[in-house]
Amino acid sequence: MQSKKYLQLTLAILKPHVVKSPFVLQKIRDLIIDNNFKVVRSRRATISREEAELFYKEHRDKFFYNRLVTFMSSGPSDIHILTAHDAIAKWRQLMGPTKVYQAQYNAPDTIRGMFGLSDTRNATHGSDSTESAEREIEIFFKDFDTKKWYEKEEIFYNLGRLHFDPISFVHTIDRSYLEKQDEHIRK
Ligand code: ADP
Ligand code: MG
């Protein structure tokens, strides 16, 4: 969905060193909510080496590939589908530059500027295009149907007809809104 009036989906990962650090995890969660992202799905999981290899396959010839997939499968990550208008660019903007020194120097208020530890342990992942977002969502949320989400749920997220559960860190849709509309029509 490219149209401006529709929300965009992106895949965000809070990498293992973030999940190990409760204060940092909470601060990043607060930034997500304060920047008006809605959380469509959330999962905490230790990414397997095979999943990490598939996820980062475009980097398989890079010098950092082995250390990257080893790190990503070293402990639990929090994996989220986020939505917002222009979610992909907006989340990457909030994350800051890939390289931590650059982030600390040029964008100190970004997530990577504040919480990145090294070029590998740079706190978060974000999809870089709609194609990547779809591919990445499919890897970690096998039963998530993007087409169906746009048909049935996007409108609730777009209008903010949602409940938020801060513990499971997910927004769910408020169906009472539809029921109220139905009642109104019947009257
Ligand atoms: P981004 O995550 O910003 O999209 P890339 O797709 O280029 O960045 O790289 C994927 C991940 O690989 C980065 O988030 C980081 O964890 C790791 N990485 C990238 N460049 C380096 C590097 N020069 N040294 C070590 N790790 C790196
Ligand atoms: Mg990338």
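A polar contact is taken here as a pair of N or O atoms within 3.5 Å. With that cut-off in hand, the surroundings of ligand 1 in this predicted model can be explored. His59 offers a good starting point: one of its polar side-chain atoms lies 2.9 Å from an oxygen atom of ligand 1. Thr98 also takes part, with a polar atom of its side chain 2.5 Å from a ligand oxygen. Arg112 joins in as well, since an N or O atom in its side chain is found 3.0 Å from an oxygen atom of ligand 1. Taken alone, the ligand exposes 530 Å², and the protein buries 87% of that area.

The wider setting can be described next. Ligand 1 sits in the largest pocket, where 13 residues surround the ligand. The closest of these are Lys15, His59, Thr98, Thr120 and Asn122. By residue type, the shell around ligand 1 is made up of five charged, four polar and four nonpolar residues.

Charged side chains also deserve a look beyond the ligand. In general, side chains of opposite charge can pair when their charged atoms come close. The model contains four salt bridges. One of them joins Asp78 and Arg29, whose side chains meet with an N to O distance of 3.6 Å. Asp78 belongs to strand β3 (residues 77-84), while Arg29 belongs to helix α2 (residues 22-34), so this pair ties together parts that are 49 residues apart in sequence.

Terms used:
Residues are numbered from 1 along each chain as its sequence is written. Chains are lettered from A and ligands numbered from 1 in the order in which they are written. This is a predicted model: local features need pLDDT of at least 70, side-chain atom pairs count only at pLDDT 80 or more; totals for chains, interfaces and linings use all residues. Side-chain values use heavy atoms; hydrogens and water are left out. A residue is near a molecule or strand if one of its heavy atoms lies within 4 Å of it. A polar contact is a pair of N or O atoms within 3.5 Å; within protein, one must be able to donate a hydrogen and the other to accept it, and residues adjacent in sequence count only if both atoms are side-chain atoms. Accessible areas come from the Shrake-Rupley method with a 1.4 Å probe; for residues, only the protein chains shown count as cover. On a 1 Å grid over the protein atoms alone, a cavity is a set of points where a 1.4 Å probe fits but cannot get out, and a pocket is an open set with protein on both sides within 12 Å along at least five of seven lines; lining residues have an atom within 4 Å of a point. A molecule sits in a cavity or pocket if more than half of its atoms lie within 2 Å of its grid points. Ala, Val, Leu, Ile, Met, Phe, Trp, Tyr, Cys and Pro count as nonpolar, Asp, Glu, Lys and Arg as charged, and the others, Gly among them, as polar. Helices (H or I, at least four residues) and strands (E, at least two) are DSSP runs, numbered from the N terminus.
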